[in-house]
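Please work through the following exercises with the sequence and the model side by side. Each one sets a task and then gives a solution in steps.

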Amino acid sequence: MAVAQFIPSSSSLTKRTTLYSSQLSQYLSSTHKPLLTLRRTNYAKICCSVTSNEVQAPVARQSNDPIKKPECFGVFCLTYDLKAEEETSSWKKMINVSVSGAAGMIANHLLFKLASGEVFGPDQPIALKLLGSERSIQALEGVAMELEDSLFPLLREVSIGIDPYEVFQDAEWALLIGAKPRGPGMERAGLLDINGQIFAEQGKALNAVASRNVKVIVVGNPCNTNALICLKNAPDIPAKNFHALTRLDENRAKCQLALKAGVFYDKVSNMTIWGNHSTTQVPDFLNANINGFQVKEVIRDTKWLEEEFTEKVQKRGGVLIQKWGRSSAASTAVSVVDAIRSLVTPTPEGDWFSTGVYTNGNPYGIAEDIVFSMPCRSKGDGDYELVKDVLMDDYLQSRIKKSEDELLAEKRCVAHLTGEGIAVCDLPGDTMLPGEM
Ligand SMILES: NC(=O)C1=CN([C@@H]2O[C@H](COP(=O)(O)OP(=O)(O)OC[C@H]3O[C@@H](n4cnc5c(N)ncnc54)[C@H](OP(=O)(O)O)[C@@H]3O)[C@@H](O)[C@H]2O)C=CC1
Ligand SMILES: O=C([O-])CC(=O)C(=O)O
């Protein structure tokens, strides 16, 4: 049987500042911009038998004893240089993944998936940079401790902080989850403003310090308009790189179609969600397929498709909240994984996926300069292209128009945050997040 253990490979310390728990509160009170760095830079998995399909971890240099630091978190107490790892070729170069709202529910599922390798692959080491706030910094330490206790070989570095200018430094992926939930009595315009300010600041920070080709996935609601605000505040990063998460809606739609057709959900393909991640979203049954057949050939009940199915997908988040008492977290995290994997692996021939992206240059006649969910394909290089050959009918067009109108109204509502002047908030009365009923 293979025996695995972590052995530190070198004793030379990196120069990077490392703060530990007892120092943290002191540090927090002296500055509003802490960055706690918990590093596990060079551990090697010593393993007896490695089959040809397994990724070989870097070989450890077992020379000196590790330098131990007092008052720190177990495994991250030991800091080593990366030289031995850099000499190996079996792993890819480490990537930096920044996550906001990292102490929240969605992140609590997502971070462990990221660290396990199921998102970026079993040969892709990652550094996780977690953004919290003064409110959540203790919780964030707890999250870091759980990551530490999980012994993920691919997780090479964990840092936590409350300053986006530090946490987004060199980020190649930014997963923006943190946002204020809409509370009782709060107007949607108020939510747009409060969360919009968060995303304006984070856009500026990404613009200043992230990788020039960072891919940004906005999850925090209202995610389409938050993504628009973010990209407008990051003019040096391609607008194309910003996504609003509508993959959960796609997954929900696939599930409902499969249920109705009596097939397993992997038989549903070409599922587009058009528009806003809100109750105006349009789950497109005209272009979707079941077992390679058009949905309408398999499910002949058009009334069900237009009414029951559509509404079920639009309001699924709200039903979930009624049952569970809070908004979807695990399935949202799964859909973030799906969204990333759709960008880093080639899209299967003939299929596509949905993501909310910038509309400039779109072939569907949708208004420019908003973030709208549309069908996309990827070569697996992190980029995507819009699918051109889609069917349109009057029903689809009128529904798409409604979601477009809603997003244009949201955009006018946040003009003060996108550099487009004075905000005028005339949101349609029925504008709602999926979780609102
Ligand atoms: N696009 C989609 O498909 C979906 C989107 N969502 C959205 O994702 C977001 C996060 O959901 P979830 O992780 O469950 O939420 P949680 O409440 O568990 O966590 C959200 C985090 O947001 C941060 N936050 C930022 N600003 C504020 C603020 N002003 N007040 C309170 N908290 C704030 C908090 O972290 P900190 O204090 O560290 O800043 C908090 O930990 C929500 O906006 C939700 O509506 C949810 C499901 C699906
Ligand atoms: O409305 C919410 O906060 C939750 C949400 O986005 C969803 O479940 O789709």
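UniProt positions are given here in the numbering used for this structure, feature names are shortened, and annotations may be inferred rather than shown by experiment. The model is a predicted one.

**Exercise 1. Locate the annotated domain and describe its span within the protein.**

Step one is to consult the record: in an unreviewed entry, UniProt lists residues 246-416 under "domain: Lactate/malate dehydrogenase C-terminal". Step two is to describe that span in the model, where residues 246-416 are 46% helix and 16% strand, and where the C-alpha atoms at the two ends lie 25 Å apart. Step three sets this against the protein, which has 437 residues, 45% of them counted as buried, and whose secondary structure comes to 13 helices and 17 strands. Of the contacts between residues at least 6 apart in sequence, 74% join residues that are at least 24 apart.

**Exercise 2. Describe the shell of residues around ligand 1.**

Begin with the count, which is 26 residues, and with those that come nearest, namely G104, G132, S136, G178 and K180. Then sort the shell by class, which gives 12 nonpolar, 12 polar and 2 charged residues.

**Exercise 3. Trace the largest nonpolar core from its best-connected residues to a neighbouring strand pair.**

The largest nonpolar core has 94 residues, and L128 and V218 are those with the most contacts inside it. Taking V218 first, and leaving aside its neighbours within four places in sequence, one finds contacts with L176, F199, C223, N226, A227, C230, F242, H243, A244 and L245. Turning to L128, this residue belongs to β5 and stands opposite V97. The strands concerned are β4 and β5 (residues 126-131), which run parallel and are joined by 6 bridges. Strand β4 (residues 95-100) has 5 of its 6 residues buried, and it is therefore largely enclosed by the rest of the structure.

**Exercise 4. Work out the strand order of the open sheet of 3 strands, and explain why one side of each edge strand lacks a neighbour.**

The order is β10-β13-β14, and the pairing is antiparallel. The strands β10 (268-269) and β14 (293-294) stand at the edges with a single partner strand each, so one side of each is left without a neighbour in the sheet. In the pairing of β10 with β13 (residues 289-290), 2 bridges join the antiparallel strands, and V268 has I290 in β13 as its bridge partner. As general background, strands of a sheet pair through backbone hydrogen bonds, either parallel or antiparallel.

**Exercise 5. Examine the backbone at P222, D170 and D369, and place each residue in its loop.**

A general expectation comes first: most residues other than glycine have a negative phi, and most peptide bonds are trans. Against this, the peptide bond joining N221 and P222 is cis, with omega about -5°, and P222 lies in the loop between β8 (215-218) and α7 (223-232). D170, although not a glycine, has a positive phi of about 60°, and it is found in the loop between α5 (164-167) and β7 (173-176). To judge its exposure, count the other C-beta atoms within 10 Å: there are 13, and D170 is thus partly exposed, since a residue is buried at 20 or more and exposed at 12 or fewer. D369 likewise has a positive phi, near 70°, in the loop between β15 (353-358) and β16 (371-377). With 15 C-beta neighbours inside 10 Å, D369 also counts as partly exposed.

How values were computed: Residues numbered from 1 in each chain as written. Chains lettered and ligands numbered in written order. Predicted model: local features only at pLDDT ≥ 70, side-chain atom pairs only at ≥ 80, totals over all residues. Near = placed C-beta within 6 Å. Nonpolar A, V, L, I, M, F, W, Y, C, P; charged D, E, K, R; others polar. Core = buried A, V, L, I, M, F, W, Y, C linked by C-beta atoms within 7 Å. Contact = placed C-beta atoms within 7 Å. Pairing = 2+ DSSP bridges. Helix = DSSP H or I, 4+ residues; strand = E, 2+ residues; numbered from the N terminus.
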